Amino acid sequence: MDTLHDNEFAISRLTGEFANPATETRFRIETREEWLGQLQVSLVVGAAFYLMFAITDLLYLGYGDVFLILLSARAIAAAAILTPLVLARSGFSFPVVDRSLLVGAIIIGLIYGFIIVVRDEGTVFHALTLMMIVIVVYLFVPNRYFFTVASGIGISIAYFVLSVVWLPLTSRNLTSIVLLLLLCNVLGVIMGQRIRRMRRGEYTQNRVLRREMEERIKMEIAAQHGEENFRRLFDATPFPLMLFQTSDGKLVRANRAADDLLGSLSSAHFALKDLPAGDKSDALLSAMNNKGQLAGLEAKIDLPGARIRDALLSGNTVVYDGIPCYLIGATDISERKKSEEELRQAKTEAEFASTAKSQFLAHMSHELRTPLNSVIGFSDILTNEIFGSLGDARYKDYSRDINESGRHLLSLINDILDISRIEAGASDLSESNIDIGKAIDDCGRLIRERAQSCGIIYKEHVDEATPKLLADERRVKQILLNILGNAIKFTPRGGEIAVTGGLSPDGRITIEIRDSGIGIDEKDMARIIQPFAQVGNVMTKSHDGTGLGLWLTKNLVDLHGGELNIGSARNKGTTVTVTFPAERTVK
């Protein structure tokens, strides 16, 4: 349907009514009194015509049967007008009233057509009278558009049929009647559309205006509530808040927390520039005046009584009581700054202590290694009787014990030095492309004799297609020797140690060391990679160790960006897997 406006209040060009049925129904409900008034006007007009025609009939026809017939017919017409009004006043629905108007209009048309024919007053008088009736239907009967059009056309057809049947009309008279009836219906439709459009246009304007007023009132009420809520929140906030005018920077409002922090701010002369932000005052003013906002400015606030507090200042632009203002908030961060300073000092002290420890260990390692090397060297000479027999066999045993103890002490010193380097972040990698198979074989040669002396079967296998690895060769061998040393230590006689290496499907080089030793309880798995940690059982108590091997191994693997995984169960052996990242695989 072609409409003027594609919205709630769109008006149809054809009918002059609202295109939206809900809007049309609401319009008729809200204008019901006006609609009833229009019906009453129609009733008054009909009563006036009834009285006028009754007097005319009496004068023209005299009192007699014809006069009484005409008087009764006009009484029926008056009842047809009165019935819709009574139904509307009684609360009947609009469809019922609309249909009663349609029926009443047609009855009136038939009756007046009958009256005109009975009185036989001439063709022109007949047509003009009926034309007036049709126009009244279009203009004064407040029915729906299609019902009104149906009424006008129905009256016109009824009159035309009565005229043809009762009156001796010529072709020219019939043509004139048809043209007059057509003209009055067209005029009625146009005038009815304009009246409907005009009434609904006024309704729309009033409705929109009323809606705008309601929305404005709601907005004003919401603004009032918002400002009231803002005041309550502003005053109840536990940290300092202040409002300054953007125009001159004068203080508008401050909450109690601000008064407590900065002293009394009730002075009318206090302004944003007077905020004691120390060397950050210019930055505060510049940010608020140029950007209208401030985020996280740390400043030292000079408080009354020579007190200085660290504060975090934030700000934004708001409207308060219709006045543009700067909202400034201050959070006391003195305790946080104090904690940060304490942490900074503690860190400095810890770094100093760590440096002192590293220097001490480096110095002591030199002082200890020199005599240890002498002890180890001389005990080797005595054990091997290079310069001749020692005589008593016990001397040889003593010298062997001295040699082993020296070597153990030297290994411990090396481990402690490695720890200090890792903790200090000074353990750099000397990387090169290494053959992982050769590295495993080199470690195997060093460990195989020891394994055989303990009655342990040692096996190794590396896939020949394994590519080279970008790593620190010395560190990789240290990783392997630490793991193999533990495997020998905790594998009983008759056990087996197997080393395998290769390339995994995801492109990472993997080394797996599996033994059939005593294994580790699940509850102890998290402890074994901690420094100086040992799992207490009969087997471990019979072996020397500092508990640093696996911890050093884990850190050396981490230096390469790899992963160290340990799988074990009590009396079912242990499997240690070292996996290097794919980017260390040489393509």
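In the predicted model, Q478 is placed in helix α13. This residue counts as buried, at 15% relative accessibility. Beyond its neighbours within four places in sequence, Q478 is in contact with D418 and L556. One of these partners, L556, belongs to the buried residues of α15, which also include L550, W551, L552, T553, N555 and V557. Just after α15, G561 adopts a positive phi of about 75°.

Helix α13 (residues 473-489) also packs against helix α12 (residues 436-453): the two axes come within 10 Å and cross at roughly 35°. The crossing of α12 past α13 is right-handed. On the α12 side, the contact is made by I436, A439, I440, D442, C443, L446, I447, R450 and A451, and these meet V476, K477, L480, L481, L484, G485 and I488 of α13. By class, the residues of this contact comprise 12 nonpolar, one polar and three charged. An α-helix has 3.6 residues a turn, so residues three or four places apart point the same way.

The largest nonpolar core holds 28 residues, and within this set L484 and I497 touch the most other members. At least two residues of this core are supplied by each of α12, β8 (469-472), α13, β9 (496-503), β10 (509-515), α15 (549-559) and β12 (574-579). The largest share, seven residues, comes from α13. Residues up to four places away in sequence being set aside, I497 touches I456, I457, Y458, K459, L484, A487, I488, T491, I513, R514 and D515. Apart from this core lies another, of 20 residues, with M242, A258, M288 and L294 among them. In soluble globular proteins, nonpolar side chains tend to be buried together.

Two members of the core of 20 residues, M288 and L294, recur in the surroundings of G315. This glycine is in strand β4 (residues 307-320) and is buried, with a relative accessible area of 9%. Leaving aside neighbours within four places in sequence, G315 is in contact with M288, Q293, L294, L327 and I328. The C-alpha atoms of G315 and Q293 are separated by 5.1 Å, although these residues are 22 places apart along the chain.

Two further glycines were examined in the same way. G573 is located in the loop between β11 and β12. With a relative accessible area of 5%, G573 is buried. Its contacts, not counting residues up to four places away in sequence, are D515, S516, G517, G519, G567 and S568. D515 is also touched by I497. Between G573 and S516, which are 57 residues apart along the chain, the C-alpha separation is 4.1 Å. G154 lies in helix α6 (residues 145-166) and is likewise buried, its relative accessible area being 18%. The C-alpha atoms of G154 and L102 are separated by 9.3 Å, the two residues being 52 apart along the chain.

Positive phi values also occur in residues other than glycine. The loop between β11 (563-568) and β12 contains N571, whose phi is near 65°. N571 counts as exposed because its relative accessibility is 62%, whereas G573, in the loop between β11 and β12, is buried. A second case is E385, with phi near 50°. E385 is found in the loop between α10 (334-384) and α11 (393-423). Its relative accessible area of 28% makes E385 partly exposed.

Over the whole protein chain, the model contains 15 helices and 12 strands. Of its 587 residues, 39% count as buried. Among contacts between residues at least 6 apart in sequence, 62% join residues at least 24 apart. The accessible surface of the chain comes to about 32,900 Å², and 59% of this area belongs to carbon and sulfur atoms.

Methods: Residues numbered from 1 in each chain as written. Predicted model: local features only at pLDDT ≥ 70, side-chain atom pairs only at ≥ 80, totals over all residues. Heavy atoms only, no water. Axes fitted to C-alpha atoms, helices over the stretch in contact; angles between N-to-C directions. Helix = DSSP H or I, 4+ residues; strand = E, 2+ residues; numbered from the N terminus. Left-handed = near helix turned anticlockwise from the far one by under 90°. Contact = heavy atoms within 4.5 Å. Nonpolar A, V, L, I, M, F, W, Y, C, P; charged D, E, K, R; others polar. Core = buried A, V, L, I, M, F, W, Y, C linked by side-chain atoms within 4.5 Å. Buried < 20%, exposed > 50% of the residue type's maximum accessible area, 1.4 Å probe, protein only. Areas by Shrake-Rupley, 256 points an atom, 1.4 Å probe, with all protein chains shown as cover.
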